[in-house]
There are 2 protein chains.
Amino acid sequence: QDRLKTFTAKFVVSIQSWIVLTIMGVCIGLIAAAINILTEWLGNFKTGYCKTNFYLNQEFCCWGEEEDCESWQRWSDHAILRYLIFIFISVTFGTIAALLCRAYAPSAAGSGISEVKCIVSGFVMDGFLGWWTLIIKSIALPLVISSGLSVGKEGPSVHYAACVGNVIPKLFKRFGRSYSSLSQFLTAGSAAGVAVAFASPIGGVLFSIEEITSNFKLSTLWKSYYCALVATGTLSAMNPFRTGQIVMFEVKYESSWKYFEIPFFMILGVFGGVYGIVVAKLNIKVVAFRQKYLSNHAIREVVLLCLFTSAIGYFNEFSRLEMSEGMQILFHECGGEFDHSLCKIEKNVGLRFKFFVSLIYATLLRVFLVVISYGCKVPCGIFVPSMAAGATFGRAVGLLVETLNPCTGANEGTCTISGTYAFLGAAAALSGITHLTLTVVVIMFELTGANRYIIPTMIVVGVTKIINDKWGIGFGGIADQMIKFNGIPFLDPKEEHDFEDHKITDCMADQVVTLPATGATYKDLEQVLAETPFQTYPIVAEDGTTVLGLVKRTDLLLGLNHHKHKRNMVIPLDTPVCFVSQTRADDESDMLKLETYVDHQYYRININSSFNTLLNIFMKLGPKLVVVEDFGKLSGIICRKDLIMFELHLHQHKHEDIFVTDSD
Amino acid sequence: QDRLKTFTAKFVVSIQSWIVLTIMGVCIGLIAAAINILTEWLGNFKTGYCKTNFYLNQEFCCWGEEEDCESWQRWSDHAILRYLIFIFISVTFGTIAALLCRAYAPSAAGSGISEVKCIVSGFVMDGFLGWWTLIIKSIALPLVISSGLSVGKEGPSVHYAACVGNVIPKLFKRFGRSYSSLSQFLTAGSAAGVAVAFASPIGGVLFSIEEITSNFKLSTLWKSYYCALVATGTLSAMNPFRTGQIVMFEVKYESSWKYFEIPFFMILGVFGGVYGIVVAKLNIKVVAFRQKYLSNHAIREVVLLCLFTSAIGYFNEFSRLEMSEGMQILFHECGGEFDHSLCKIEKNVGLRFKFFVSLIYATLLRVFLVVISYGCKVPCGIFVPSMAAGATFGRAVGLLVETLNPCTGANEGTCTISGTYAFLGAAAALSGITHLTLTVVVIMFELTGANRYIIPTMIVVGVTKIINDKWGIGFGGIADQMIKFNGIPFLDPKEEHDFEDHKITDCMADQVVTLPATGATYKDLEQVLAETPFQTYPIVAEDGTTVLGLVKRTDLLLGLNHHKHKRNMVIPLDTPVCFVSQTRADDESDMLKLETYVDHQYYRININSSFNTLLNIFMKLGPKLVVVEDFGKLSGIICRKDLIMFELHLHQHKHEDIFVTDSD
């Protein structure tokens, strides 16, 4: 009967956890659908409105009507006035978003991936994943996207999805407090966030493995899988694009790739790597500048960015279009029903050259805009703008290849498709900025269904990765760099850490303030607490070097408070303090017994152990502090922060001091 | 200048590692291509031979010829004689493979995934990944596949690919000895093995993450990615199927799935779960039976299996065909150029029923054959046969759905495609037996390019996973169950381990044989070594309870030997032994100093810590032994094996004693 009880209890727990995941998935899917619909409507609103039904977007307003759509009313017939209204509405959208963020949820600004990653690995950031952040991020995101700023929605999607993964489980008592279950729900939420942003469930799960999780478990994988599936299913059932499929821009390439194209693919890969390095480096400088000089001018900055982006971008076809729309055009294979002007340049060398220049210009403009926009005080992601930059560059390369190898009747077998270059360019840039490999390949694959192009995509992403590894500034993709930049003491167990041939003693603190297990008085204790700033003190035996446990400052204060209350707030200064349980008969009743506040499970390392052992303990078991011993005697302690600072210091030797700001 | 040197040295290392990975990838690709070509030729050889060129297979022999192929000579014009020759050749192939395995490389028999998994996580199995295994596995595999046994090639592919990942790096001095680099190369090899077996590079990488690796690192991921890419690229360049693409059976479904199909998809998922549970359970019983009674009759067993399989399978269309060929037919959408007889049953209820029965019969036969064949003493995998069983069952369900919802002109929008059910059934069975989720979805996706069917595939695999989790026998997929069955002390850090509310003391050995740091004599030491069987002894201080280090039996013997040699083989029995470095002045020169053999870096845990902490130390840091302390005093020790036995014991309480053999 007892077994039945345990079984039932377990069953209820597991059912509850699935209910929570289902609710999470449905919520994320619904929010994503709402954001998609709203973004489209607001985006169309910049050019005009629907006369018949104000709330319809251009596509539905003109549903069924041919070429000329009468119901859709443009704001003005004057080109210049249209231009000014376009700019005005863009700036308004951006400003509202910025104001919302500042007023209600400052943590809703930015991408959020870095922070989610840290929270999943155990850092506590209050309010970062609360209700307000969720609401403001979901409202501000469509505004920002439709304002035309060069920012994407996938980073913020991860953030609001992680918010859902934080607030929903807390509605259930059982999941409110456990860190490990929270971490699983957050990971599952992040997976669902990417899944709905790109309509790519597998890509989402891979993102959660490759970027978010710090402790790979099959149960987390399975939860992410389930949550991403439910979210994508919900989004697909809502069917926001009314196309009957969840793939954002399905592409079918008629012919496969040819071996002679591989060198050109590699050029795209190199572009992706260079893009990643340049953009990350410049963006960090911009972010540092913003922190230093613009922190009080956040709204003004957003206004200026919107103004600049819409005013300049309006004149280039590829930068004016909404980014995913633009990519759809760029990815497409010419022929069949697709008759964009890009496809009418067969014979016309002049037009070809014009498009080439236009594409290169769009690439450069996009890169510049990404650098200055990413990180401003509105919800902003960097995935889609990077893909857009890669797509324009890739299409330009594609045009070049088409010119070198024109497709005539004679060599039909070796015709190249310039759309595939745009596709691969987008993959390269996305991989370059995020340092993700598998995720990018799968996302591109799921986005377009171009399953014949898996090997080229893998080649391009591989080249990008090699470039990034060899000449990058280190510390992984932009999310990881932001973590370093913000000085969060985060050690990613997935990454390789290079401490060369250093020894444990190189980053050890050997002057340790200890507390004796017995023999100290209350006065000594107060003195130590007042005079030293440390968070943890080792408790040592009478010999002064054998560690018996650790006690945290907070626990110590708690314990002292407890005793004060028991003794009517008066503790004589000479009361003896004791940190070990006394079994002796001469039990002094007035002794301050603090043994319950001592932590006996801490990690020790021998002073002659390799640095790798130390690293493994920190990364895999996650303590804040490791005690270094020499033959059982205390030699020193190493904090997690010391290790991080040490790594930063080594990095600085090799590279520029990009992650070290003035305040350090 | 020093920095330049370090830089150059590092550059050479990293270049070398890429060269190794490239060679590995190319080798694996070439072997896979050779196996593919050989398998096809041998398979065709069972029915006839090419008159014009003996070495051509049927397809190439008949290249360009219409319907009647004159050059292809069947063995006989008599049906019965053809049948007998078919059986004879099948048995011959199987027998040769079994003889090869027994004579040259017994470890080449079986699947190999379980063992590779253990080796990657640090177990040493001599010769399991050597040159002989590689050669014999590569030669025997095509023989076995074409013998028609119900076994697949992906498990063995992982094995030979891991062999390549073992032998190639050893040709380079630098990678010969390091365990961590070996583990990375093996993981990369396994990824490439699955990649070439299914022509699915991403699937291969995911397999290495989900199944093989026990310590997820981005650098390993990237190496697997690269190796799988090179291997698939090589295979595709060799172009063994002469179809110009690496996808084994590309399927294009014209229409998408409908929501009302979801319940039927779920039925397939349930089938997958049940299949996984039943087959795993029965197969383990068969394997136990084989170990007990058939270990001396391995060849005879294979002969009988081949005889039985070919004699029975010949009469059913779906079991006679080579499994991947059969799946290609089952997956296909009717219409267009595809005119298999399965597509001509539109109106004919009798024929439809006949096919239904035939498919169900094929499913049951396949399940039976898988159960008795998997694990016999030839190279054998279980992925493809499972998929084949799932495909026949799925197609049967598809026929049923078509009957319930016939596709007439009136409801064209809701037509179902029975081929998709076969496709999803294959996914379900594959997931059911392996317990892989993401990998299965991606493999199915890459195999067929059916990107519209991602969500249904995810649903099916999800249901399978739920069934498996709730009613399975525990311990994961068949590979993990084999590990448990073989009693390998392997704790997978990816898996959840359920130790309920047990305490550390429940699996702790509290009677510990210790050695005093000083004060013991040589006689005492020899006595302890002779009278106790332990592999490791704690060294304790004078108080008898403070652990100063651990010493391994092997190291101790080594140390004693060293001293014996130094002292001309004579050590007086009363010589004092010392395990700590003496700094005192009265250094006794005749003392046996063994301090260099003491290991000071070992892991300790407080007796009151949670079981989870213990588990984390074992799983993530991988020691063989953890010392349990109570306030710095030795309370007991826990070995990895104790923990595994404890888990097995708990499992046995809940389930049958399926993993506990008589010998335990």
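Axes here are lines fitted to C-alpha atoms, for helices over the stretch in contact, and angles between N-to-C directions run from 0 to 180 degrees. Keep that in hand for the first stop, and remember throughout that this is a predicted model.

**Stop 1: two helices in chain B**

Select residues 154–170 of chain B, which make up helix 6, and add residues 179–198, which are helix 7. At what angle do these two helices pack? Their axes make an angle of about 140 degrees and lie 7 Å apart. Turn the view until one helix sits in front of the other, and you will be looking at a right-handed crossing.

Now show the side chains at the contact. From helix 6 of chain B, pick out residues including Val158(B), Ala161(B), Ala162(B) and Gly165(B). Facing them from helix 7 of chain B are, among others, Leu182(B), Phe185(B), Leu186(B) and Gly189(B). If you colour this contact by residue class, you should find 12 nonpolar, six polar and one charged residues.

**Stop 2: a three-stranded sheet with a helix across it**

Stay in chain B and move on to strands 4, 7 and 8. They form an open sheet in the order 4-7-8, with mixed pairing. Its edges are strand 4 (518–521) and strand 8 (592–593), each of which pairs on one side only.

Select 576–578 next to bring up strand 7 of chain B, which runs parallel to strand 8 of chain B and is joined to it by two bridges. Label Cys578(B) and look for its opposite number: Lys593(B) in strand 8 of chain B. Then add residues 522–531, helix 20 of chain B, which lies across strands 4, 7 and 8. This helix runs at about 70 degrees to strand 4 of chain B.

**Stop 3: a second sheet in chain B**

Which strands come next? Strands 10, 11 and 12 of chain B form another open sheet, in the order 10-11-12, and the pairing is mixed. Strand 10 (603–606) and strand 12 (633–639) are the edge strands. From one strand to the next, the twist averages 35 degrees.

Zoom in on strand 10 and strand 11 (residues 625–630) of chain B: they run parallel and are joined by four bridges. Here Arg604(B) has Val627(B) of strand 11 as its bridge partner.

**Stop 4: where the chains meet**

Show chain A as well. In the contact between the chains, 75 residues of chain B touch 75 residues of chain A. The buried area is about 6,600 Å², with carbon and sulfur atoms giving 64%.

How many salt bridges are there between chain B and chain A? The count is two. For a close look, select Glu629(B) and Arg604(A), whose side chains meet in a salt bridge at 2.9 Å, N to O.

**Stop 5: a salt bridge inside chain A**

Over all chains, the salt bridges number 18. Finish with Asp480(A) and Lys117(A), a pair whose closest N and O atoms are 2.3 Å apart. Asp480(A) sits in helix 19 (residues 478–485) and Lys117(A) in helix 4 (residues 113–120) of chain A, so this pair ties together parts that are 363 residues apart in sequence.

Terms used: Residues are numbered from 1 along each chain as its sequence is written. Chains are lettered from A and ligands numbered from 1 in the order in which they are written. This is a predicted model: local features need pLDDT of at least 70, side-chain atom pairs count only at pLDDT 80 or more; totals for chains, interfaces and linings use all residues. Side-chain values use heavy atoms; hydrogens and water are left out. A crossing is left-handed if the near helix is turned anticlockwise from the far one by less than a right angle, and right-handed if clockwise. Contact means heavy atoms within 4.5 Å. Ala, Val, Leu, Ile, Met, Phe, Trp, Tyr, Cys and Pro count as nonpolar, Asp, Glu, Lys and Arg as charged, and the others, Gly among them, as polar. Two strands pair if DSSP finds at least two bridges between them. Buried area is the accessible area (1.4 Å probe) that two parts lose on being put together, summed over both. A salt bridge is a side-chain nitrogen of Lys or Arg within 4 Å of a carboxyl oxygen of Asp or Glu.
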